[in-house]
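Visitor: I would like to learn how to read the features of a protein model. Could you walk me through one?
Guide: Gladly; here is the one we will use.

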Amino acid sequence: MSSLLCPDAFLSPLAIDEAVTRALAEDLGRAGDVTSIATIPEATPGRGLVVARKAGVIAGLPLVEVAFRQLAPDVDIVAHVRDGAAVEAKAALMTVAGPARAILAGERVALNFLGHLSGIASATAAFVRLIAHTKTRVTCTRKTTPGLRALEKYAVRCGGGFNHRFGLDDAMLIKDNHIAVAGSIRAVLERARAVAGHLVKIEIEVDSLDQLREVIDAGGADVVLLDNMDATTLRRAVEMVGGRLVTEASGGITLDTVAALAEAGVDYVSSGSITHSAPNLDVALDIAIG
């Protein structure tokens with residue numbers, strides 16, 4: 001499995017096993033693949049070729065392998081690429097040989113994961129290409145499919161992006177509602193810094209240059225999220241920060257706007273669309289008997 005993972009993109013094998021087990025249980029239910037059991041003799045061998053019908057960046061091959069191995073541990077799998085590869089349409093991704101029933105039973109689960117995660121990797125790569133001439137990095141958000149966050153954030157890495165926090169428990173992100181409840185920017189930052197461990201980063205969201213000035217004057221933040229600012233305002237914000245904070249632009253960023261925002265000098269642009277709205281990459285399994 002490890003040889004299929006995107007280089008330098010971390011993903012726990014436990015997350016893979018859990019997701020595949022859950023998906024197979026959902027699909028096979030109580031009786032298994034009744035169609036294949038009824039129509040395919042038990043000992044029939046099969047050979048399948050996983051292909052990309054469209055060009056894109058691949059993510060999810062380790063889940064394809066696990067899906068088939070859970071159903072047929074001795075299945076023979078040959079990968080032709082690994083996650084993170086940019087492929088052309090009709091590219092062969094993996095050959096699977098083993099019991100035909102198992103291949104047919106695992107097909108949809110395998111392709112669902114592969115198409116979904118490759119779509120995220122491809123969407124991320126499109127953003128990355130547009131800002132390659134800048135220092136800015138593309139990062140994801142917590143706008144992920146419930147239960148699939150680790151996988152989707154891995155796919156972002158496969159596409160050349162970076163990960164924001166994985167949950168509410170690994171970093172502090174102070175948003176407008178936190179500020180409203182706390183009473184002020186200074187108050188909320190003082191409370192956060194008083195309890196944050198030395199490895200916990202504090203990020204705070206602002207939507208105006210006046211709020212940014214309050215953050216700078218108050219101190220205590222590590223990162224500032226510049227929300228829904230145009231390129232001109234972002235450039236001024238970066239100048240005000242002067243390297244004292246990590247800067248992140250967020251809010252409705254699209255392929256049409258990302259280059260101008262990156263050119264304003266921010267360290268990161270974050271996009272929820274690369275996970276919640278990425279179209280599936282069209283992938284398929286062509287199977288033959290024997």
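The talk below goes through the sheet, the empty spaces, the cysteines and two backbone angles.

Visitor: What should I know before I begin?
Guide: This is a predicted model, where local features need pLDDT of at least 70 and side-chain atom pairs count only at pLDDT 80 or more, while totals for chains, interfaces and linings use all residues. Residues are numbered from 1 along each chain as its sequence is written, and side-chain values use heavy atoms, with hydrogens and water left out.

Visitor: In what order do the strands of the open sheet lie?
Guide: Strands here are DSSP runs (E, at least two residues), as helices are (H or I, at least four residues), numbered from the N terminus. Two strands pair if DSSP finds at least two bridges between them. In this model six strands form an open sheet with parallel pairing, in the order β6-β11-β10-β9-β8-β7.

Visitor: Which strands stand at the edges?
Guide: They are β6 (137–139) and β7 (172–174); each has a single partner strand, so one side of each is left without a neighbour in the sheet. From one strand to the next the twist averages 25°. For such angles, axes are lines fitted to C-alpha atoms (for helices over the stretch in contact), and the angle runs from 0 to 180 degrees between N-to-C directions.

Visitor: How is β8 joined to the strands beside it?
Guide: Three bridges join β7 to β8, and four join β8 to β9. On the β7 side, Leu-173 stands opposite Glu-203 and Ile-174 opposite Ile-204. On the β9 side, Glu-205 has Leu-225 as its bridge partner.

Visitor: Are the residues of β8 buried or exposed?
Guide: Buried means under 20% relative accessible area, exposed over 50%, and partly exposed in between (1.4 Å probe, protein chains only). By that scale five of the five residues of β8 are buried. One side carries Ile-202, Ile-204 and Val-206, the other Glu-203 and Glu-205, and both faces are covered.

Visitor: Now the empty spaces. How many cavities are there?
Guide: Rolling a probe the size of a water molecule over the atoms shows where empty space is left. On a 1 Å grid over the protein atoms alone, a cavity is a set of points where a 1.4 Å probe fits but cannot get out; a pocket is an open set with protein on both sides within 12 Å along at least five of seven lines, and lining residues have an atom within 4 Å of a point. Grid points are joined across faces, edges and corners, and a volume is the space filled by probe spheres set on the points. The count is one cavity of 30 Å³ or more, with a volume of about 40 Å³.

Visitor: Which residues line the largest cavity?
Guide: Asp-176, Ile-179, Glu-205, Val-206, Asp-207 and Gln-211 do. Both α6 (176–182) and β8 (202–206) supply at least two residues of this lining.

Visitor: What about the largest pocket: what is its volume?
Guide: About 460 Å³. Of its 17 lining residues, the closest to its centre are Asn-163, His-164, Arg-165, Glu-203 and Val-223. The lining divides into nine nonpolar, three polar and five charged residues, where Ala, Val, Leu, Ile, Met, Phe, Trp, Tyr, Cys and Pro count as nonpolar, Asp, Glu, Lys and Arg as charged, and the others, Gly among them, as polar.

Visitor: And which residues are closest to the centre of the second largest pocket?
Guide: The second largest pocket has a volume of about 390 Å³. Of the 21 residues that line the second largest pocket, Thr-141, Lys-143, Lys-175, Ser-250 and Ser-270 are the closest to its centre. Its lining has three nonpolar, eleven polar and seven charged residues.

Visitor: How many disulfides does the model have?
Guide: A disulfide is a pair of cysteine sulfur atoms within 2.5 Å, and the count here is zero. The sulfur of Cys-6 is 3.8 Å from the closest cysteine sulfur, in Cys-158, too far for a bond. Cys-6 is buried at 8% relative accessibility, and Cys-158 is buried at 6%.

Visitor: Last, the backbone. Where does Asp-8 lie, and what is its phi?
Guide: Most residues other than glycine have a negative phi. Asp-8 has a positive phi, near 70°, and lies in the segment before α1 (13–28). Lys-90, also not a glycine, has a positive phi of about 75°; its place is the loop between β4 (86–87) and β5 (91–99). Asp-8 is exposed at 73% relative accessibility, and Lys-90 is exposed at 75%.
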